[in-house]
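Here are my notes on the model. Please read them with the structure open.

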Amino acid sequence: MTDVVGVRDDQRIQRDVLAELAWDAQLQPNEIGVTVDQGVVTLTGFVDGAARGWAATRCAQRVRGVRAVADQMEVRLPGTPGRTDAEVAIAATRALEWDSFVPAERLDVTVANGWLMLRGEVEFGWQRRAAEAEVRRLDGIRGITNLIEVRPPVPPAGERLRQDVQRALARTLGGERVTVEVDGDTLVLAGVVRSWWERDQVERVAWSAPGVRSVHDQLLVGG
């Protein structure tokens with residue numbers, strides 16, 4: 001079956017996701033199962049750390065035609081002795097301290113049974129995202145819960161904020177397909193983007209705006 005008007009059939013998407021998993025040197029694709037239903041990809045199987053699970057999800061999101069990804073993979077850390085929770089916590093704390101853009105002194109890290117939890121406060125949403133990105137690739141982690149709160153030093157500028165974000169999107173993506181609304185200190189994003197990469201870029205722009213405490217992403221990924 002061939003692609004029709006930008007819509008790709010599930011079998012073609014499944015083949016491409018499997019090929020992308022095999023192409024990524026970070027993964028062992030024979031351990032990951034892929035099913036597709038109306039453009040929604042479900043990943044199953046086992047990975048030896050949360051970092052590989054995230055890498056597999058990103059692989060699926062890169063494939064054209066994927067509308068959403070359901071992560072049903074199970075993290076099974078290697079049976080040989082690895083890092084203890086205390087060692088993971090120390091490594092995470094040091095990783096945050098080495099990032100000059102993250103206010104590590106305002107953040108707390110706890111680890112229990114390989115699950116890492118981030119708490120604290122930052123002034124910008126992009127700092128919250130950066131903190132999670134710093135610890136995401138650490139060895140010995142089953143998953144991450146990000147409870148960092150965004151507390152802007154000044155309130156958002158309402159209509160001016162909306163216009164600034166819309167202009168920033170136009171500069172980077174030609175943001176005519178994305179609409180931005182401001183609800184207090186929350187940005188609401190709606191519209192259709194062509195890929196998950198574009199969706200990430202829209203979120204990056206939104207979280208970089210001053211005064212924004214939360215972002216509601218209602219974007220759809222088109223084929």
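1. Confidence. The protein chain averages a pLDDT of 86 (the predictor's confidence in each residue, from 0 to 100). Of the residues, 93% score at least 70. Residues 1–6 stay under 50. For them the model has six contacts (heavy atoms within 4.5 Å) beyond four places in sequence.

2. Ground rules. This is a predicted model, with local features needing pLDDT of at least 70 and side-chain atom pairs counting only at pLDDT 80 or more, while totals for chains, interfaces and linings use all residues. Residues are numbered from 1 along each chain as its sequence is written, and side-chain values use heavy atoms, with hydrogens and water left out.

3. The hairpin. Strand 5 covers residues 107–112 and strand 6 residues 115–122 (strands are DSSP E runs of at least two residues, helices H or I runs of at least four, numbered from the N terminus). The two run antiparallel, joined by six bridges (pairing takes at least two DSSP bridges). Two residues separate them, and Asn 113 in the turn has a positive phi of about 55°. Asp 108 stands opposite Arg 119. Asp 108 is on the uncovered face of strand 5, with Thr 110 and Ala 112. Leu 107, Val 109 and Val 111 make up the covered face.

4. The largest pocket. What lies nearest its centre? Trp 54, Arg 58, Gln 61, Glu 132 and Arg 136 do, among 37 lining residues. Helix 2 (50–62) gives the most to the lining, with ten residues. Helix 4 (125–136) and helix 6 (196–208) are among the other elements that each supply at least two.

Terms used. Buried < 20%, exposed > 50% of the residue type's maximum accessible area, 1.4 Å probe, protein only. 1 Å grid on protein atoms, 1.4 Å probe; cavity = no way out; pocket = protein on both sides within 12 Å on 5 of 7 lines; lining within 4 Å.
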